Amino acid sequence: MRIVRKALVALASLCAAFGWLDAAIASPGCDAISITPLGVTTPGTGFVRGDTITLTLTNNSGNSFMSLIDGTAFAVLAGPTTTAFTYVVPADTSDALHFGGTLNPGDSVAGLCVNAPAPTVSSVSPNTGAALGGTSVVITGTGFTFATAVAFGSSAATSFTVNSGTQITAVVPAHAAGAVDVVVTNNVGSSTLSAGFTYTNASTSVTLTSSPNPSQSGQAVAFSASVASSGGSPSGTMTFSDGGVVFGTVALSGGVATLTTASLSVGTHNITATYNAGPGFSGSASAALAQMVNVPADSSRLRSMQIVATRTVAQISGQAISGAIDGAIADGFSDNPSPVTSNGDGMRFNFAAADDDGGRPGPFGATRSPTNDRVDDAFSALAYAGRARPVTKASPRVAQRDWQAWIDVRGGGIRNNSGTANDLSGGQINVTAGLTRRLTPDVLIGMLVGYENFRYDSAFLTARLRGDGWTGGAYLGWRFWNRLRLDVAVAYTGLDYSLTAGTAAASLPGRRVLVSAGLTGNYRLADIDLEPSARLYALWEHQDGYTDSLGTAQTDRNFSSGRASTGLKAARSWMIGSDLTLAPYVGIYADYYFSKDGTDTSGLSAIATVPLVVLQSWSTRVTSGAAMTFAGGPRVSIGGEVGGLGRDYTLWSAKAQAAFPF
């Protein structure tokens, strides 16, 4: 019998769960109870927790009791007055209700059973909270007395307390952000409040730092990003980006993510750290952090030396090559290959000059030999058909030589006059040789080859530059209006540079193009040859990018430089004995040096403290030297110049020349 009753209770509950039977009558034993005389069992059997049974006894003159079938009394009723007694079933049971006791004539017992109610949920307050859980809420409704479970979505409440049949206090569990149903369940059924509670992620903020900043190329930089929230301690991952390009994702530990990298290139990097939304927390990003990556100190010094020294090499080589070309063209226009012709900052000698005897009075009472006259006539030739001096005996003329080989050797360098840290020192040698062909009396062309070798040092930069280069080029001369000469030339140089600075070293190739032009006149005043001139040369150089021994990559470099000059030179020839003619000269010029360098120096840590030589100013230049012609035709000239006067640097050079007409 007991098994049958339990089966009936289970069946009723199942029907109620599927909506086939109202939960209010899910208790099979809770129907109208009819009390019969003593010892007769009521028909009500099988009750659930919360069923309410009410018995009313009228005019009972004795004692009576009510119990379940197992004989356990739960009420004693006593008269003689009318007594109403209510019993709430404390637990589910399959037992029958039993009434016993004394029932006198005229007495009556009335019974009533009310089914245990299913819950109803009407509200939740507050109805929002952190996705991490932990929010305490009050649920309002009915049928909560025997509540067995409270759930938020698919997760059970962390804890709950039944305050009364109409109120429950619950602690919200953790859950993903969004709205969820609130469900209260008792032994009879359950009730759902749709979207009764909304989970929200806690807001976060990210702070990003780095060390060291600024850093050097190849140096490890540690980026530390911390995330904070008023809602607790976030977990998850942090993503690091450089200008929007992700370069790493790291898991948080204690709210902090650290990423170390040594791969940042030279320059400024805008680094951001983004917290990827974790359980219960919204995502956020840090403000951009400007991470400056400089070239390593020795790499900076290496690049600084490259900028300073190679620009100096180019400027001095430009002076040497353009001066050598100027001299070759001047000598090529000599109508009677003269013993001495002036050019650039020196004098050139013609080995083809003829020698004879006889003469006329010379300076200081000396007798001028025909050689003197020949020298004077040579200066007349240098003047390009200028006014010839009267001679007592015309020097013999030789046939015009259309070819001429020549060589020009120069040494030069730079010196700092400012007393600053720019202590660049050293020098270079330029050797230029060529062959001139005279096409007509007033037009000539030529070709040249050259070699340069240079060595410069800087104690401040602990750096040095070594290298060399080969040059090839061509030139054209045109004589017009008898006393004026126009020169143009172009040359190309291939270069090899070797640089060291501290522990950094690099080798790189370079290419240089030189273009020069000049306008030169020649006049004679008494025994003085005057040569006014205006000249310009410009050069453009490209140096390939390189990676130095410290692993620092440097980009290609392009720069231009040059000089515009105008001035006057004077020369005078003297006979020294019978076998030697000496022709000293002196000149003064106004120079304007110009330069343009597009090299990016923003990442160089040492360059800011180095006052780089920038040849971009006016200055004065003086030249001086002497030319010597020996009997039989050999000629040699030596000379020098000092430029940059009036500025904080000095450019100097010394030269020796020779020519071989044939």
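Strand β17 (residues 190-200) is where A195 sits, and this residue makes a good way into the structure. A195 is not a glycine, yet its phi is positive, at about 50°. Please keep in mind that you are looking at a predicted model. Across the protein chain the mean pLDDT is 78, with 71% of the residues reaching 70 or more.

**Unusual backbone spots**

- Most residues other than glycine have a negative phi, and most peptide bonds are trans.
- How accessible is A195? Its relative accessibility is 43%, so A195 counts as partly exposed.
- T462 also has a positive phi without being a glycine, with a value near 45°.
- You will find T462 in the loop that runs between β33 (443-458) and β34 (463-480).
- T462 counts as partly exposed because its relative accessibility is 45%.
- A cis peptide bond leads from S125 to P126, and its omega is near -10°.
- P126 belongs to the loop between β9 (120-125) and β10 (128-130).
- A cis bond is also found from N213 to P214, here with omega near 10°.
- P214 is in the loop that links β18 (205-211) and β19 (215-216).

**A four-stranded sheet**

- Following the strands across an open sheet of 4 strands gives the order β9-β11-β15-β14, and the pairing is antiparallel.
- Which strands form the edges? They are β9 and β14 (159-164), each of which pairs on one side only.
- On average, neighbouring strands in this sheet are turned by 25° against each other, direction ignored.
- Inside the sheet, β11 (residues 136-142) pairs with β15 (residues 167-171) in the antiparallel sense, over 5 bridges.
- To see this pairing at residue level, look at V137, whose bridge partner in β15 is A170.

**Nonpolar cores**

- In soluble globular proteins, nonpolar side chains tend to be buried together.
- The largest nonpolar core in this model has 24 residues. Those with the most contacts inside this core are L302, M305, L424, F454, Y456 and L465.
- Which elements each supply at least two residues of this core? They are α2 (297-332), β33, β34, β35 (484-501), β36 (504-521) and β46 (649-661).
- Helix α2 gives the most to the core, with 6 residues.
- L424 is a handy residue to click on: leaving aside neighbours within four places in sequence, L424 is in contact with M305, V308, A309, T312, I414, Y456 and D457.
- Another core, of 19 residues, lies apart from this one, and its members include F223, V227, A257 and L289.

**Where confidence varies**

- Which elements mark the lowest and highest mean pLDDT in the protein chain? Helix α1 (residues 2-17) has the lowest, at 36, while β15 has the highest, at 97.
- The pLDDT is below 50 over residues 1-29, a stretch that has 41 contacts in the model beyond near neighbours in sequence.
- Residues 336-398 also have a pLDDT below 50. Beyond near neighbours in sequence, that stretch has 201 contacts in the model.

Conventions
Residues numbered from 1 in each chain as written. Predicted model: local features only at pLDDT ≥ 70, side-chain atom pairs only at ≥ 80, totals over all residues. Heavy atoms only, no water. Buried < 20%, exposed > 50% of the residue type's maximum accessible area, 1.4 Å probe, protein only. Pairing = 2+ DSSP bridges. Axes fitted to C-alpha atoms, helices over the stretch in contact; angles between N-to-C directions. Core = buried A, V, L, I, M, F, W, Y, C linked by side-chain atoms within 4.5 Å. Contact = heavy atoms within 4.5 Å. pLDDT = per-residue confidence, 0-100.
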